[in-house]
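User: I'd like to learn how to read a structure like this one. Can you walk me through a few features?

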Amino acid sequence: MNDESTTYTVDEALVALGFGNFQVLVLIYAGMGWISEAMEMMLLSFVGPAVQSAWGLSTHEESLLTSVVFAGMLVGAYLWGSISDKYGRRRGFLMTAVFTATAGFLSAFSSNFPLLIILRCLVGIGLGGGPVLSAWFLEFIPAPQRGTWMVVFSGFWTVGTILEASLAWAVMPRLGWRWLLGFSALPSSLLLLFYGATLESPRYLCMKGRKTEALVVLEKIARMNGKKLPCGILVSDNQIELDEHLSVSEDKELLSPSASGDVTPGQVESSQGAVSPLATLLSPELAKSTILLWVVFFGNAFSYYGLVLLTTELSGGQNKCLPADLQLKKSHDVSYRDVFITSFAEFPGLILSAATIDKIGRKLSMFIMFCLCCIFLIPLLYHQPQVLTTGLLFGARTCITATFTIVYIYAPEIYPTSVRTTGVGIASSVGRIGGMICPLVAVGLMHACHRFLAIILFESILLLSGVCVFLFPFETKGRQLSDIVP
């Protein structure tokens, strides 16, 4: 029998239930979505040159094939983030899986370049929902273990990149790019297959005032984990946070007499709903974090995808400036090998992030990794032996993977539940702009034999990102997730 004087929150319930069988299944499902996004992104470095060769495309048209995916992701990240904050996490990632699986599979049957461009843009819109799955998994993890398990979740991205590199190495020389597109759509199809077994985030349900549904979810978690819920009545975190805020400010004239009474989650939701999510993100309390986060996401995406593309550009004899046609014909097989090798650099990147994120914190970890990435790229300003080039790219990929992993943990931690997926979605959208510009600018400079300028561009963006990390207003290590704007 519950004592009504005793209460507990979703955070307290998750800590009591621990990380068990239920969270493992959530991790596998969300991780499959991360694998899907990684595979769809990695295939761009293989499909672009193959389609250019098959259809006689210009360098600009090849770059466009990559950029439209990022353009679609820019739209999708905001769209699915807003939908999941308003209608639920499950509804958000359902739509992303439908777009990605359907358009990805149809891409394999494209009869001409314009149709392929349209379908890859739709794939990008679907891929933009990646932060929804990330936030969904985050909201099931007990606070003390959040950093560690989010790093494990990020490991699925690395699995996806290695799986795609292996698949391309096996499929492209024998079956061609169409089969690669078809096989790469399979992971997102699995999300649709097992969608019916997923549950809504109890934190989201509580924030929306649907505490009965949240309790049902928590009871299912308790059964699967073999644990018991705390004694008492489930209350929403935003109710407690608001009560604490009102108690501190009760002497201010801004508070009406009714404000000291019971405030329901529905009232909180209504008051927050009067302001657009973007306005909330740019409010005085969140503006500095939001703008700095946008720059860091831009720099991360530009650098990460740039390093993936640079591996193709600088591989197997392409270190030297050659005409584009000769570069394409010279070493497709070597490109597969080098991308495969450098993809393994993500494993030490994950290990570095796991080792530092809960010890020295999110901010310092990212700052150090950005600086190290700059150091690895400096020798590439000039021609280097192939083995050294691959080694330097391996080191740079390790560092940028670590920063990418940590920023995807830091970003949802700084935002309240009411705008969490929208905030991360918009930041991810800004990152997609970086990914969209990268093949047009940096790789374009490589094709035009301006290697020095291309590497200087990467160095500048990495340094700017490091400075922004240093300027983040607070560290989130050990902090509980918030449900409302402070």
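Analyst: Let's go through the core, a buried charged residue and a surface patch. Keep in mind that this is a predicted model.

User: Let's start inside. Which residues have the most contacts inside the largest nonpolar core?

Analyst: The general idea: in soluble globular proteins, nonpolar side chains tend to be buried together. Here the largest nonpolar core has 124 residues, and Met41, Phe137 and Leu293 have the most contacts inside it. Helix α21 (residues 386-414) supplies the largest share of this core, with 14 residues.

User: What does Met41 touch, not counting residues up to four places away in sequence?

Analyst: Met41 touches Val69, Phe70, Met73, Leu127, Trp157 and Tyr305.

User: Now Glu139. Is Glu139 buried or exposed?

Analyst: The cut-off for buried is under 20% relative accessible area. Glu139 has just 1%, so it counts as buried. You'll find Glu139 in the loop between α7 (130-138) and α8 (146-171).

User: Which side chains make polar contacts with the side chain of Glu139?

Analyst: One is Arg89, at 2.6 Å. Another is Ser201, also at 2.6 Å. Leaving aside neighbours within four places in sequence, the residues in contact with Glu139 also include Leu14, Arg203, Tyr204, Thr417 and Arg420.

User: And on the outside, which residues make the nonpolar surface patch of about 390 Å²?

Analyst: That patch is made by Ile360, Leu364, Ile368, Leu372 and Ile375. Take Ile375, which sits in helix α20 (residues 362-377). Exposed means over 50% relative accessible area. Ile375 is at 52%, so it counts as exposed.

Technical notes:
Residues are numbered from 1 along each chain as its sequence is written. This is a predicted model: local features need pLDDT of at least 70, side-chain atom pairs count only at pLDDT 80 or more; totals for chains, interfaces and linings use all residues. Side-chain values use heavy atoms; hydrogens and water are left out. A nonpolar core is a set of buried Ala, Val, Leu, Ile, Met, Phe, Trp, Tyr and Cys residues joined through side-chain atoms within 4.5 Å. Buried means under 20% relative accessible area, exposed over 50%, partly exposed in between (1.4 Å probe, protein chains only). Helices (H or I, at least four residues) and strands (E, at least two) are DSSP runs, numbered from the N terminus. Contact means heavy atoms within 4.5 Å. A polar contact is a pair of N or O atoms within 3.5 Å; within protein, one must be able to donate a hydrogen and the other to accept it, and residues adjacent in sequence count only if both atoms are side-chain atoms. Patches are made of residues with over 30% relative accessible area and no salt bridge: like charges are joined within 9 Å, nonpolar side chains (Val, Leu, Ile, Met, Phe, Trp, Tyr) within 5 Å. Accessible areas come from the Shrake-Rupley method with a 1.4 Å probe; for residues, only the protein chains shown count as cover. A salt bridge is a side-chain nitrogen of Lys or Arg within 4 Å of a carboxyl oxygen of Asp or Glu.
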